[in-house]
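Reader: Hi! I'm new to reading protein models, could you walk me through this one?
Author: Happy to, let's bring it up.

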Amino acid sequence: MKITDLVLLFFAIFLPVFVFIEIDYEKTKTYIEYDHFHEGAVTTAAQDAIHTLRTNVKPSLEAGYDSYKINPANPQPAFETFIQSLAGNYRVENEYSVNKMLRYVPVFAILDYDGLLLNVYKEYKDERGDSVVERVWLPKIPLSYADNEGNIINFTVDDDLEVYDTELKEWFFGKRAELAEDPEITIPLLENEKEFDQVRRQTIVSVVQENLAYYINEHNVYTKALDVTYKFALPLIPQEDWYNTVDDISIFAFIQGYPYKVDTTAYNEYAFVGTRLHYQNPIYAGEVNNERRFWSKSCNYNYKANEIYSTKKQAAAAGYRELSCLNGK
């Protein structure tokens with residue numbers, strides 16, 4: 001066999017393989033690009049929504065938990081900001097397209113100071129008695145724990161508590177340390193600070209997880225009426241992400257089943273964003289000399305912060321590099 005025949009045979013056998021590999025590479029590259037786009041769109045929308053929560057309390061109050069206690073933030077403007085931002089990123093303009101996009105957001109949730117707020121689709125009867133499926137806010141779900149004796153503790157995202165002592169048949173309000181020193185109160189959990197914090201964190205995470213899972217799954221009841229065929233379910237989320245939310249007023253945003261522009265694959269993304277008001281030394285992040293850098297608030301730099309994180313690890317995961325307080329490098 002001539003060498004030219006061998007070359008032709010080689011190309012005849014392997015050219016289709018090379019073409020297939022190239023097509024697969026281009027498809028994978030496209031998926032990665034869409035992943036980054038979707039992730040950025042959802043995260044930005046959630047960040048815009050949390051900014052609205054910061055600003056729609058009494059302007060005369062310092063931005064912090066005290067302002068939320070006195071005048072809790074209105075969740076609806078935060079939700080509207082989320083939708084406007086998401087629609088802007090997806091270049092969705094008319095009302096019909098925005099409503100269609102919303103069908104792929106099964107739950108929009110806010111972990112408020114003292115409970116969980118959920119915006120979900122629900123079916124109800126209109127004035128004419130017809131069944132209508134629309135988004136509604138559910139009543140706030142308390143962050144409640146009950147011990148074996150029937151005592152009830154309603155937690156918050158800081159150290160304020162509301163407790164019911166079943167033996168005294170009376171409610172008490174205050175901080176854990178204060179209530180633990182009250183000789184009348186007979187709730188054992190208040191005595192052990194470490195155990196108390198573990199139970200508080202687990203309770204908040206459980207309340208959030210269980211309700212998000214339930215209402216995301218319930219969204220499947222309405223998909224036929226909403227002209228959606230995707231099967232919605234709570235995505236697998238690292239436990240560390242859940243526990244990073246228990247000390248902050250936070251937003252949980254999900255978009256699921258949103259179709260890619262390629263193939264038949266559906267996109268799934270979630271974003272957890274906290275207000276970061278509870279921390280005394282938050283982590284600021286922004287552009288410094290055209291580089292993405294983060295630094296502690298206590299550094300007292302005059303750089304503009306585009307993001308605020310509770311830990312250095314979160315800032316680093318978002319693509320920022322630490323700026324030292326010691327030498328500014």
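Reader: Is Asp 227 buried or exposed?
Author: Asp 227 is exposed, because its relative accessibility is 60%. Exposed stands for over 50% relative accessible area, buried for under 20%, and partly exposed for what lies in between (1.4 Å probe, protein chains only).

Reader: Before we go on, what kind of model is this?
Author: This is a predicted model, where local features need pLDDT of at least 70 and side-chain atom pairs count only at pLDDT 80 or more, while totals for chains, interfaces and linings use all residues. Residues are numbered from 1 along each chain as its sequence is written, and side-chain values use heavy atoms, leaving out hydrogens and water.

Reader: Cool. So where is Asp 227?
Author: Asp 227 sits in the loop between α6 (193-218) and α7. Helices (H or I, at least four residues) and strands (E, at least two) are DSSP runs, numbered from the N terminus. The phi of Asp 227 is near 60 degrees, a positive value in a residue other than glycine.

Reader: And what is the phi of Asn 289?
Author: Asn 289 also has a positive phi, near 55 degrees, and is a residue other than glycine. Asn 289 lies in the loop between β11 and β12, and counts as exposed because its relative accessible area is 68%.

Reader: Those strands, β11 and β12, what order does their sheet have?
Author: The order is β13-β11-β12-β14, an open sheet of 4 strands with mixed pairing. Its edge strands, β13 (307-309) and β14 (321-322), each pair on one side only. Two strands pair if DSSP finds at least two bridges between them.

Reader: How many bridges join β11 to β13?
Author: There are 3, and β11 (residues 283-288) runs antiparallel to β13. One residue to look at is Ile 283, whose bridge partner in β13 is Tyr 309.

Reader: New topic! How many salt bridges does the structure hold?
Author: It holds 10. A salt bridge here is a side-chain nitrogen of Lys or Arg within 4 Å of a carboxyl oxygen of Asp or Glu.

Reader: Which residue does Glu 291 pair up with in a salt bridge?
Author: Glu 291 meets Arg 321, with the closest N and O atoms 2.8 Å apart. Glu 291 is in strand β12 (residues 291-296) and Arg 321 in strand β14, so this salt bridge ties together parts 30 residues apart in sequence. At 35% relative accessibility Glu 291 is partly exposed, and Arg 321 is partly exposed at 46%.

Reader: What about Asp 160, which partner does it have?
Author: Asp 160 forms a salt bridge with Lys 175, with 3.1 Å between the closest N and O atoms. The pair links distant parts of the chain, 15 residues apart: Asp 160 in strand β7 (residues 160-165) and Lys 175 in strand β8 (residues 170-175). Asp 160 is buried at 16% relative accessible area, whereas Lys 175 is partly exposed at 30%.

Reader: Last thing: which residues lie nearest the centre of the largest pocket?
Author: Thr 43, Gln 47, Phe 272, Tyr 309 and Ala 318, out of 30 lining residues. A pocket is an open set of points on a 1 Å grid over the protein atoms alone where a 1.4 Å probe fits, with protein on both sides within 12 Å along at least five of seven lines; lining residues have an atom within 4 Å of a point.

Reader: Which element gives the largest share of that lining?
Author: That would be α1, with 9 residues.
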